[in-house]
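Here is a short round of questions and answers on one chain. Keep the sequence and the model side by side.

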Amino acid sequence: MRFLHLIRPVMCVLPEVASPDRKIPLREKLLWTTITLFIYLVCCQIPIYGIQSAKSSDPFYWVRVVLASNRGTIMELGISPIITSGMVMQMLAGARLIEVDQNVKEDRALFQGAQKLFGILITIGEAIAYVVSGMYGDLSSIGAGNAILIITQLFCAGLIVLTLDEMLAKGYGLGAGISLFIATGICETIVWKSFSPTTINTGRGTEFEGAVIALFHLLITRNNKLQALREAFTRQNLPNLTNLLATVLIFVVVIYFQGWRVNLPVKYQKYRGQEGNYPIKLFYTSNMPIILLSSLVSNLYFISQLLYNRAPTNVLVRLLGMWQEPEGGGQKIPVGGIAYYISPPRSLAEIIYDPFHAVFYFVFILTSCALFSKTWIEVSGSSARDVAKQLRDQQMVMKGHRDSALINVLNRYIPTAAAFGGMCIGALSILADLSGAIGSGTGILLAVTIIFGFYESFVKEQKDGVGAYGF
């Protein structure tokens with residue numbers, strides 16, 4: 001019996017969004033996308049009822065940008081269950097450990113059902129783990145009733161995220177739900193740190209957190225306007241205009257590289273005269289290398305922090321990572337061990353002070369992104385062999401080449417684009433971190449690639465003849 005056949009008995013009880021029975025106009029897609037985004041943002045503001053405290057050091061701080069989660073709210077788990085179940089199923093299918101034919105309708109439905117089932121089980125498992133680990137207070141003090149209530153809230157929020165993602169994936173909206181949630185969280189951070197009206201006492205007087213608001217405040221309150229302008233661009237420990245300009249620069253650079261591609265001429269075997277192009281982008285695997293790398297590093301940070309808090313004198317624990325709180329408090333930072341060397345240098349002075357750390361970090365990021373990118377094309381069904389099969393199924397051949405040489409031609413471009421594109425993604429992430437862009441380098445890259453993907457989807461919908469307003 002095939003693995004997917006084991007999913008059949010539970011398909012009838014899994015929540016499901018019916019596929020649309022008509023072509024959804026662009027105006028309606030925009031409406032559903034906006035509603036989805038509104039529901040997600042509301043969930044990010046609803047606090048979990050029954051928790052004792054959520055103000056301690058956050059062990060998942062480093063991964064929240066990828067998981068689109070918000071601490072202390074019912075969106076605590078974010079898209080973690082969807083990403084985890086999706087990656088596991090894709091890797092199992094790509095490694096041929098489970099048999100699935102995406103051309104068969106039943107196999108596609110069972111595969112999606114398996115992803116959904118694993119997502120629900122992971123949601124329950126993560127909710128229980130969060131409560132038992134003491135993230136919301138000691139289990140004995142919050143009580144069994146509150147513990148069950150917290151798990152129920154996280155489970156319901158997880159179901160909402162699964163349903164919203166499926167709704168967009170089935171064509172009711174633009175793009176994918178998980179991409180929408182990730183980009184929203186990152187853009188929210190950038191906008192908040194640029195225009196936040198929150199005041200903070202830094203010892204030099206009251207300052208505004210937002211870089212743009214701080215600029216006007218300094219220009220109005222300071223007599224020396226040149227000194228005020230200099231401070232707005234260079235102030236420490238709070239977002240400044242240099243950080244904001246660096247963020248804009250990274251956005252422009254990433255969008256520029258998104259347009260780099262090689263177009264391979266293809267033609268139909270059956271119909272003479274019908275030709276086209278098969279584009280191979282520089283970012284062939286999009287933002288997957290940085291997502292996979294960020295997940296790996298974030299989990300290592302999480303494990304290292306937990307172990308260091310319990311056994312700070314253990315040699316192996318210290319080898320994995322040593323942590324301390326920065327002056328003035330805040331999120332713990334790595335100061336030694338493997339966790340330190342795979343973390344980005346925080347300033348140019350730190351690069352000069354410890355060049356080995358900088359070199360190790362650069363090599364680690366570039367190599368890891370290239371390897372993750374090459375691995376992903378094999379497990380996700382986008383390798384040269386898979387693309388050649390897709391073109392043959394559509395009865396298409398490479399112009400100027402025999403059909404038997406199709407894989408060889410694709411092998412010249414796809415592995416190179418995957419590895420080099422992955423290295424470029426890693427290099428841009430390093431540039432964003434070193435330039436002090438608002439948010440992390442990973443976050444900026446995710447936001448830009450996702451927003452560009454939504455823009456391409458919007459343009460494609462318009463070219464299909466629907467029109468900007470669905471008429």
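The exchange below covers a predicted model, taking aromatic pairs, then cores, then a sheet.

Student: How many aromatic pairs does the structure hold?
Tutor: Rings of Phe, Tyr and Trp pair if their centres lie within 6.5 Å. By that cut-off the count for this structure is 11.

Student: Is the pair of Y40 and F181 stacked, tilted or edge-to-face?
Tutor: The ring centres of Y40 and F181 are 4.5 Å apart. Their planes meet at 15°, and planes under 30 degrees apart count as stacked. So the Y40 and F181 pair is stacked.

Student: How many residues apart are Y40 and F181?
Tutor: Y40 sits in helix 1, residues 26-43. F181 sits in helix 6, residues 177-195. The pair thus links distant parts of the chain, and both residues are buried. The separation is 141 residues.

Student: What angle lies between the ring planes of F452 and Y455?
Tutor: Both residues lie in helix 17 (residues 441-463), three residues apart, about one turn of the helix. Their rings are 6.2 Å centre to centre. The pair is tilted, and the angle between the planes is 45°.

Student: Is F452 buried or exposed?
Tutor: Buried means under 20% relative accessible area. F452 has 16% relative accessibility, so F452 counts as buried.

Student: Which helix gives the most to the largest nonpolar core?
Tutor: That core has 99 residues. F181, F283 and L446 have the most contacts inside it. With 11 residues, the helix that gives the most is helix 5 (residues 139-172).

Student: What does L446 contact, leaving aside its neighbours within four places in sequence?
Tutor: Contact here is heavy atoms within 4.5 Å. With those neighbours set aside, the partners of L446 are V65, V66, I182, I186, N287, I290 and I291.

Student: Which strands stand at the edges of the open sheet of three strands?
Tutor: The strand order is 4-3-7, with antiparallel pairing. Each edge strand has a single partner strand, so one side of each is left without a neighbour in the sheet. The edges are strand 4 (275-281) and strand 7 (396-398).

Student: Which residue in strand 4 stands opposite K267?
Tutor: Strand 3 (residues 261-268) and strand 4 run antiparallel. Seven bridges join the two strands. Opposite K267 stands E275.

Terms used: Residues are numbered from 1 along each chain as its sequence is written. This is a predicted model: local features need pLDDT of at least 70, side-chain atom pairs count only at pLDDT 80 or more; totals for chains, interfaces and linings use all residues. Side-chain values use heavy atoms; hydrogens and water are left out. Rings of Phe, Tyr and Trp (its six-membered ring) pair if their centres lie within 6.5 Å; planes under 30 degrees apart count as stacked, over 60 as edge-to-face and the rest as tilted. Helices (H or I, at least four residues) and strands (E, at least two) are DSSP runs, numbered from the N terminus. Buried means under 20% relative accessible area, exposed over 50%, partly exposed in between (1.4 Å probe, protein chains only). Two strands pair if DSSP finds at least two bridges between them. A nonpolar core is a set of buried Ala, Val, Leu, Ile, Met, Phe, Trp, Tyr and Cys residues joined through side-chain atoms within 4.5 Å.
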